[in-house]
Structure formats: structure tokens, C-alpha cells
Amino acid sequence: MEEELNSTIDPACLQEPPLAIDVIKQMDAFGFCLYSMLSLMSCVSLVLYLEQCVFIYKHLPYPKKATIMWVNGAAPCIATMACFGMWIPKAVMITDMTSNCYFAVVVYKVLVLLIEELGGTHKFLERFSGKTVKISTGPCCCCCVCLPRVPMTRRLLFWLKLGALQYAILKTVLSVLSVVLWTNGNFDLSDLEINSTAIWINPFIGVLTIISLWPVAITFMNSNIFLRSLNIVPKYAMYQLVLVLSQLQTSIINILALDGTIACAPPFSSQARGSLLSQQMMIMEMFIITLVCRFFYRRTYDQLPPEMKDNDVNAQVALRADLVEHDV
């Protein structure tokens, strides 16, 4: 029975991803137009990002400009790597590693950007001096509403930074380790045995991801009220969208490919075709996100006004009332 089942499966569905030249040889007119359009989108994303880096470098102060360049480069970097992975299917493991390592650094840089938008570490602590912050936020403790508010101190800020920084370091180390094991044939996403390296490394990376997103969410939930004039909410939304599309969407497509839901299409096996669909979708999505981010980041802002104390606010309200009374 098993022999009959294997005989009905196209041998190409059981092969490794094809070479780039084999993909080009079997490409029809529609496929050539699709690949050309997606490659053009990737190139436009990269060119727009480089032009925006020049603008940011000239008009924004250091170190804010370096942080914004890092954060704003997530979508173009992922689109460029996805384009390489689309044309060279055998290099998908390396292109995905590059994109994931870059985004791991971006997670930390988003936390740094929130602090720098408030004037840096000193100004950040000064603004939250004597106040408490809410820590019952996602993705770890969004349901734990009973968690008490904690005072914002230099020590707490250090732990928040460390929580985001550990992902940038460990994700890079584990990604490089995965590629090394993959070249030796010891890392296979389709191998779900208990002694497989993939079944141990990938869940551990997932835990590190959740831990790193929590400090960023805490910082954003407590500081976004001061940064509304800097469009911090849509900027954070773009960061979250890149996170969902590059991590969650790719994982879902890979699971569907492993399950056989995504059918093979010679010369692509089910897993290779799922990876191809993921790369093509990623290019289009990151191209749109690049355009949106260009609208929000390619501008300069005045510095935030210092936080006014209650007495200052009452004095200003009383002065305005006196002026109105005098005019009447």
C-alpha cells in the first residue's frame, strides 16, 4: 500500500528546493512578469529607504537618527531578503536568518526610540519621576490585571532594556547556529521528532521573542500619551505589523506546507512552494509598509515641551481667566 502511494507522488515533490537556473528555465510569461514586478517593488523599497536615510542623517540629531534608520529599515531589509529568497530558493534559510536577525535588533531599537523621543534616559526618568507604570500588558501579562503598578526607576529601565536586548543577541546566535547545523544536515524544519534540533531551537526562540516584546509594550503603553504629537501610535502600529507578517504569517505558511495543505508544484515541493508564497507575499506587504513609514518618518519634529507641574497648569488657567475677565 505504501509503495502504491509513493508511486503516485511526483518525484519533484520530494526533492530539495530547485536551483535558480531551473526556476528561470521553467518560468512562463506570467511567472516572469510576476517575478519582475516583485523584484521592482523590492528595489524601489530599498531606494526609498536609502534616500530617506540621507534625509534623516541631514535633519535629525544623533543618536536619534541612527535609531530611526534602524527601525525604518526593517521593511526594506525584509523585502530585499525575500527577493533573494524568491529567485534563489536554496538560499531561503540564509535570507530568513538575515531578516530575522535584523528584526531582532529592531525590537530593541524600538524601545530605544521611545526613550529617545522623550529626550533620552535622563529626561525619560525625570518625566516619570514619582510615578508608577503599568506592567500588565501583552504579550506576557495582558490578562494579569491584578499586577500592581511599579515605580519607574533607573533599575527598572535597565531591566526593560536588557529584556529587549537579549533577543537581539540570542536570536542572532541561535540563527547562525541553525544555519551551521542546516549545512551539515542536522537542522530540518520538517523533522518533528523529539531528538530534532529544530524542535528544540524554534520554541526556545519563540519564548525569547515573547520576553523581548513585553518590555517594549510596557514602555509604549506608558509613554505614548506624551508622544501623540510625534505620530508614535501609527509608527508603533507599523512595527507591530512587520512583526506579525514576518514572524506569525511565515510560521503559519510553513506549518501549512509541512501539513501538505499547500500542494507541491514541480519543481517546487510543498515546503519550497510554501516558502516561495511567503517570500512573494512578504515583498508586496513590505513595499506598502515602506511607503507608509516614509510618510511618518521622513519629517522633522520640534522637541517635546517639558512636562508641566500641577501648579504651573493652575497658574496658566488662572492667568487666562483673568485675561478673559479683563477683556470683558
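**View 1. Helices H6 and H10 each supply at least two residues of the lining of the second largest cavity.** Welcome to a set of close-ups of a predicted model. The volume of this second largest cavity is about 50 Å³. Its lining is made up of Val71, Val110, Leu113, Leu114, Ile232, Lys235, Tyr236, Tyr239 and Tyr297. H10 provides the largest share of that lining, 4 residues. Sorted by class, the lining has 8 nonpolar residues, no polar ones and 1 charged.

**View 2. Here we turn to the largest cavity, which holds about 100 Å³ of space.** A search of the whole structure turns up 3 cavities of 30 Å³ or more. The lining of the largest cavity counts 13 residues, and Val71, Ala74, Tyr239, Val242 and Cys293 are those that lie nearest its centre. Two or more lining residues come from each of helix H4 (64–72), helix H5 (74–87), helix H6 (92–117), helix H10 (232–259) and helix H11 (270–297). H10 gives the most, with 4 residues. As for class, 11 of the lining residues are nonpolar, 1 is polar and 1 is charged. If you have just come from View 1, you will recognise some names: Val71 and Tyr239 are among the residues that line the second largest cavity, and both are also listed as lying nearest the centre of the largest cavity.

**View 3. Tyr35 and Trp87 form an edge-to-face aromatic pair.** The count for the structure comes to 9 aromatic pairs. In this one, the ring centres of Tyr35 and Trp87 are 4.9 Å apart and the ring planes meet at 80°; the pair is edge-to-face because planes over 60 degrees apart count as such. Tyr35 belongs to helix H3 (residues 29–59) and Trp87 to helix H5, so the pair ties together parts that are 52 residues apart in sequence. Buried or exposed, where does Tyr35 stand? At 5% relative accessibility, Tyr35 counts as buried. Trp87, with a relative accessible area of 24%, is partly exposed.

**View 4. Phe295 and Phe296 make up another edge-to-face pair.** Their ring centres lie 5.2 Å apart and their planes stand at 75°, so the edge-to-face label applies here too. Phe295 counts as exposed, at 52% relative accessibility, whereas Phe296 is buried, with a relative accessible area of 15%.

**View 5. One aromatic cluster brings together Phe103, Phe220, Tyr236 and Tyr239.** Two of these names link back to the cavities: Tyr236 and Tyr239 are among the residues lining the second largest cavity. Tyr239 also appears in the list of residues nearest the centre of the largest cavity.

**View 6. Two arginines lie over aromatic ring faces.** Arg127 lies over the face of Phe226, at 5.2 Å from the ring centre. Arg298 is found over the face of Phe55, at 4.2 Å from the ring centre.

**View 7. The last close-up is centred on Gln280, a residue of helix H11.** How does Gln280 rate, buried or exposed? With a relative accessible area of 12%, Gln280 is buried, because buried means under 20%. Setting aside its neighbours within four places in sequence, Gln280 is in contact with Leu34, Tyr35, Leu38 and Met86. Tyr35 will be familiar from View 3, where its ring pairs with that of Trp87.

Notes. Residues numbered from 1 in each chain as written. Predicted model: local features only at pLDDT ≥ 70, side-chain atom pairs only at ≥ 80, totals over all residues. Heavy atoms only, no water. 1 Å grid on protein atoms, 1.4 Å probe; cavity = no way out; pocket = protein on both sides within 12 Å on 5 of 7 lines; lining within 4 Å. Points joined across faces, edges and corners; volume = space filled by probe spheres on them. Nonpolar A, V, L, I, M, F, W, Y, C, P; charged D, E, K, R; others polar. Phe/Tyr/Trp six-rings, centres within 6.5 Å; stacked < 30°, edge-to-face > 60°. Buried < 20%, exposed > 50% of the residue type's maximum accessible area, 1.4 Å probe, protein only. Lys NZ or Arg CZ within 6 Å of the ring centre and 35° of its normal. Contact = heavy atoms within 4.5 Å.
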